[in-house]
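Let's get to know a protein chain together, one question at a time. Have a look at the picture first, then follow the reasoning below.

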Amino acid sequence: MTSKMLQKARDFEKKYLPYTRAEQPEFHVTGGIGWINDPNGFAPYKGEYHLFFQYYPYDTKWGPMHWGHVKTRDFIRWERLPAALAPDTEYDRDGCFSGSAVELPDGRHLLMYTGVRSVRRRNGMIEDYQTQCIAIGDGVDYEKIDGNPVIDSKLLPEGGSEHDFRDPKIWREGDTFYAVIGNRCPDGSGTILLYQSKDALHWEYVSVLSACHNQYGRMWECPDFFALDGKNVLLVSPQEMTAIGLEFHPGNANVCLIGTFDKKTHHLNREMVQAIDYGLDFYAPQTLLTEDGRRVMIGWMQNWETSSCRKQELRFMGQMTLPRELSICNGRLFQNPVRELENYRGVKIDYRNVLINGETSLRGISGRCLDMTVTVRPGNENSMFKWFRLYVARDGEHFTFIRYRPETGTIKVDRTHSGFPHDIVDIREFPVSLTDGMLKMRVIMDRYSLELFVNDGEQAASFVLYTPMEASAISFSSDGSVLVDVEKYDLEIDNSAAFEE
Ligand code: FRU
C-alpha cells in the first residue's frame, strides 16, 4: 500500500515535473525536481537497469530522505518512475538513507536501505540510530517488510557504532547474499563490515572487510565491493579527509582500495589505494554488473561542501555522473564512459596535426553537449612546451579551462569563471602519467557538467558548471609549440521519456 507520505511525493512529482524539462541536462540523471544525492539501488532488474537516489522532492536542499527512481536500457536515456520510498515508518521516520538493490530468485525486486531514527538527548544533542531495512516490490511499487529492521545493533561487532551504521550494498553470489555496510569503531574511524544471508532477510555478521584506522578520512560512507579483472575492489567515500599530496583532496573524498580478498579471514588485503575521481564533484559511487559482464559505476556529481551553492533559478539540485565502465590496468582503476554513448554521436568534426603556439580556435569546434577527444604532443622535437590549455564553455566573460603542464606532469582544471555565484573551491590539480609529453583528454559535456577522461581512462575528473548555455565556444592555447588532434561529436539525445507523464 502506498503511504500518504509517498503518495504526496508522487502527486508533487506529477504536478511539477513537466515544467522542469527545459532546464535539465540531456543525459545525466537528476531528480527532475528537488534535491538528489547518492545513487542507490543501481542494479539490473528484469532486463533493465534501475537507479534510485537519495531524494527530497520539495526543495533544492537536503531534507527528509526519500528514494527517487529512474530506469534505463542503455545508461543514456532514462525513464522516470514515481518515487519509491518515503520516510513513513517508525524505524525510518527521519530518513530512508542510502542502500542498494538486487533481483530475488523469484523475480521480486529487493531494496536494502538504512532507516534513520533521530532522538534528541537531554543536552539538546541529536543522535541518529541507523538500522538496515528492506522493501520488496515489482520495479515500481515497494512494500517495507514486517521484519524490519533486518540488521540492527545486535549484529554489530564489539564496539561498533549504532549511530553511524549505514549504506548497505547488497549482491548475490550463487545461493548466498552478501552486504557491505559502513560503520565506525570506538576511535571514531571507519570500518566496512561484511554480512551474509541465505534469503536476504535473515543476516549474520561475517567480518571487518577493511578498516580506515584514521588514515583515509574518518567515517567511510557508501561502500561497494566487487571483483574486477582478477582483483577485489572496495570503493568508499570518506568523511573528514585531510589532503594527501595531489591524490586526495580534503573533506568528503573518494577512495578506491584494490587488493585481494582473503577467503579465510574475510578481509581485503590492500595492494593499492588511489582516488576514484580527481574532479571537484564526485561522491558515493555505486556499481553494477551488466549482462555482458561489464562493471559499470555511477556517482553523485556533486560535493557536500558546495552542495548549498546552487543556481537559484534551477529547480533541480544534484546530478549523477555519466555511467562509466571500470577496468584494472597496470594495477590502477581505469574508467571510461559507457560505450552506449557512442550510439548518440551526431556530426563529427575532425582535425589532425594542428600546430598551436598561442591562442587558436577551430571552425566547428564548440558546444555544450558533446564528446570530444583532444590529443596533445610536442610540436617541436627540441623544446618541450610549457603548458597547453583547453578552454570550454567560453564567451566574453565565462570560461572553464583544463591546463596540462608536461614539466610537472599535472592537469589543472579551473572553473572560477563558470557561473557560480558563490566563493567556493574552483580549482583542482592532479598528476597524470605521460609518454614523451603526449596526453589524451576525452571531454564529455552535458550543459551543466564537464567530465574529463585522461589517457583512455587512467584518470577521470568531474565538474559541475553553471555557465550560461550561450557560452559555448572552445579554444586552445599554449606556451610553446604543440601538435593537436581534435575529434568532436555533438551528442544528440532525446530525453523526453524522463518527463512523460
Ligand atoms: C552520503 C550520505 C550517506 C547517507 C546519505 C544521506 O552522501 O551521507 O552516508 O546514507 O548521504 O542522504
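Q: In which strand is the place of Ser-481?
A: Keep in mind that this is a predicted model. The strand to look for covers residues 473-491. Ser-481 has its place there, in strand β31.

Q: Does Ser-481 count as buried or exposed, and why?
A: A residue counts as buried when its relative accessible area is under 20%. Ser-481 has a relative accessibility of 14%. That value is under the cut-off, so Ser-481 counts as buried.

Q: Which residues does Ser-481 touch, not counting those up to four places away in sequence?
A: Here we set aside residues up to four places away in sequence. What remains for Ser-481 is Leu-355, Ile-356, Asn-357, Pro-378, Gly-379, Asn-380 and Phe-385.

Q: Which strand gives the most to the largest nonpolar core?
A: In general, nonpolar side chains tend to be buried together in soluble globular proteins. The largest nonpolar core here has 55 residues, and Phe-388 and Phe-476 are among those with the most contacts inside it. Five residues of this core come from the strand that gives the most, which is β31.

Q: How many residues does the second, separate core have?
A: Among the members of this second core are Phe-75, Trp-78, Leu-288 and Ile-444. Its full count of residues is 32.

Q: Where is the place of Ile-276?
A: Two strands help us find Ile-276: β16 covers 267-275 and β17 covers 283-289. The place of Ile-276 is in the loop between β16 and β17.

Q: Does Ile-276 count as buried or exposed, and why?
A: Setting aside neighbours within four places in sequence, Ile-276 is in contact with several residues, including Leu-235, Val-255, Phe-282 and Leu-333. Its relative accessibility is 1%. The cut-off is under 20%, so Ile-276 counts as buried.

Q: What distance separates the C-alpha atoms of Ile-276 and Pro-378?
A: Pro-378 is one of the residues that Ser-481 touches. Along the chain, Ile-276 and Pro-378 are 102 residues apart. In space, their C-alpha atoms are separated by 29 Å.

Q: What radius of gyration does the chain have?
A: The C-alpha trace spans about 70 × 50 × 50 Å along its principal axes. For 501 residues, a compact globule would have a radius of gyration near 23 Å. The chain agrees with this, having a radius of gyration of 23 Å.

Technical notes: Residues are numbered from 1 along each chain as its sequence is written. This is a predicted model: local features need pLDDT of at least 70, side-chain atom pairs count only at pLDDT 80 or more; totals for chains, interfaces and linings use all residues. Side-chain values use heavy atoms; hydrogens and water are left out. The radius of gyration is taken over C-alpha atoms; the globule rule is 2.2 Å times the number of residues to the power 0.38. A nonpolar core is a set of buried Ala, Val, Leu, Ile, Met, Phe, Trp, Tyr and Cys residues joined through side-chain atoms within 4.5 Å. Buried means under 20% relative accessible area, exposed over 50%, partly exposed in between (1.4 Å probe, protein chains only). Helices (H or I, at least four residues) and strands (E, at least two) are DSSP runs, numbered from the N terminus. Contact means heavy atoms within 4.5 Å.
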